[in-house]
Amino acid sequence: MAIRDNTENYFDEAYWNSRYTQDAGPFDWYQQYEGIAPVIKMHSQPSDRVLMVGCGSALLSEEMVKDGYEKIVNIDISDVIIQCMAKKYKHVKQLTYKRMDVRCMSEFKEGRFGCVLDKGLLDNLMVRIILIFMLRNGSFQHCGAGGQASVSTMLSEVLRVLKPGGKYILITYGDPQCRLPYLETSFPSPSRIEVHVKPRPKSKSHVADPPRKISEPFIIQKDLNLDGCSRTEMSNSRINLRTPL
């Protein structure tokens, strides 16, 4: 039996406008800055121009400014949250807010950003087109063709606005085996992918299988397998780093 639920609305402007009209309070998906700061600082400089895609109401950009970052451009498909955030941070010169669809960032010139940060936006886009088939012994997921086109368009735009040597940092709870093929096909060779693991907040999984340090990435094999990645680590959040060289 095929089931669709309301997650297919996650990339619709009307859905997010309605949600933020009801509650525009601060909310950070997946991880707060302190948890992922080591990787962000490993692969970007405070002087870099950073693009935060799908910024929502997160405090991530604010925390990065407190940590010395000088220029962060925040975009979101919801005009409601962009207006709220722009008003909230109108006196913070390091932060800019723009209503924009990540699949069409024509306002930005090629090579404008040294780093693109994505905390859950790609996941939202992929969730929109996932079909979940409930089976007797579990479930499996399959991405539809329309969703694949949206993902490819988004990543193509990300690549376009990145300067040579720039970094795309993706924070995701999605299975790397589902995410990595999109990164592999969307970014030109030569380039590299690193996968850093950060346990989910309040996760107790490390008791049975201590996670490696967030600063120690997994090696991506030619077949896109993650060398040495345990089942426990696979269930934690991933930070997929794609670097066009």
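Start with helix α7, which spans residues 176-186: P176, R179, L180, Y182, L183 and S186 are buried there. Around the axis these residues cover an arc of only 160°, which puts them on the same side of α7. Keep in mind while looking at this helix, and at everything below, that the model is predicted.

R179 turns up again when you move to helix α5. That helix covers residues 121-128, and D123 sits in it. Is D123 buried or exposed? D123 counts as buried because its relative accessible area is 3%, and the cut-off for that label is under 20%. Setting aside neighbours within four places in sequence, D123 is in contact with Y30, T172, Y173, G174 and R179. With T172 there is also a polar contact, side chain to side chain, at 2.7 Å.

T172 leads to strand β8, which runs over residues 162-172 and also holds G165. G165 is partly exposed, at 34% relative accessible area. Its C-alpha atom is 9.7 Å from that of G111, although the two glycines are 54 residues apart along the chain.

**Helix α4 and what it packs on**

Helix α4 takes in residues 79-88, and its buried residues include I81, I82 and M85. Why do the buried residues of α4 line one face of the helix? Looking down the axis, they fall within an arc of 100°, so one face is what they line. Over on the other side of α4, Q83 and K87 are exposed. As for partners, the buried residues of α4 pack against α1, β3 (71-76) and β4 (95-99).

One of those partners, α1, spans residues 13-22 and is home to N17. N17 has 17% relative accessibility, so it counts as buried. Where does N17 make contacts beyond its neighbours within four places in sequence? The residues it touches there are S78, D79 and V80. With D79 you can pick out the atoms: a polar atom of the N17 side chain lies 3.3 Å from the backbone nitrogen of D79. D79 is itself part of the stretch assigned to α4, residues 79-88.

**Aromatic rings**

How many aromatic pairs does the structure hold? There are 4. A pair of rings is described by how far apart the centres are and by the angle of the planes. Here are two of the pairs, both edge-to-face:

| Pair | Centre to centre | Angle between planes |
|---|---|---|
| Y15 and W16 | 5.0 Å | 85° |
| F108 and F113 | 5.1 Å | 80° |

The edge-to-face label goes to planes over 60 degrees apart, and the F108 and F113 rings, with their planes at 80°, therefore get it. Y15 and W16 belong to a cluster as well, in which ring pairs link Y15, W16 and Y20.

How covered are these side chains? Y15 is partly exposed, at 24% relative accessibility, while W16 is buried, at 6%. In the other pair, F108 is buried at 1% relative accessibility, and F113 is buried at 0%.

**The protein as a whole**

Stepping back, you have 8 helices and 12 strands to look at. The protein has 245 residues, and 47% of them count as buried. The area it exposes is about 12400 Å², with carbon and sulfur atoms supplying 51% of that. Take the contacts between residues at least 6 apart in sequence: 72% of them join residues at least 24 apart.

**How far to trust it**

The mean pLDDT of the protein is 76, with 67% of the residues reaching 70 or more. Over residues 129-145, however, the pLDDT is below 50, and the model gives this stretch 30 contacts beyond near neighbours in sequence. Residues 205-210 also stay under 50, with 6 contacts beyond four places in sequence. Where pLDDT is low, the predicted coordinates should not be read in detail. For the bench reader, that caution applies to residues 129-145, where pLDDT is below 50, and to residues 205-210, where it stays under 50.

Technical notes:
Residues numbered from 1 in each chain as written. Heavy atoms only, no water. Helix = DSSP H or I, 4+ residues; strand = E, 2+ residues; numbered from the N terminus. Buried < 20%, exposed > 50% of the residue type's maximum accessible area, 1.4 Å probe, protein only. Polar contact = N/O pair within 3.5 Å; in protein donor to acceptor, adjacent residues only side chain to side chain. Contact = heavy atoms within 4.5 Å. Arc of directions from axis to C-beta. Phe/Tyr/Trp six-rings, centres within 6.5 Å; stacked < 30°, edge-to-face > 60°. pLDDT = per-residue confidence, 0-100. Areas by Shrake-Rupley, 256 points an atom, 1.4 Å probe, with all protein chains shown as cover.
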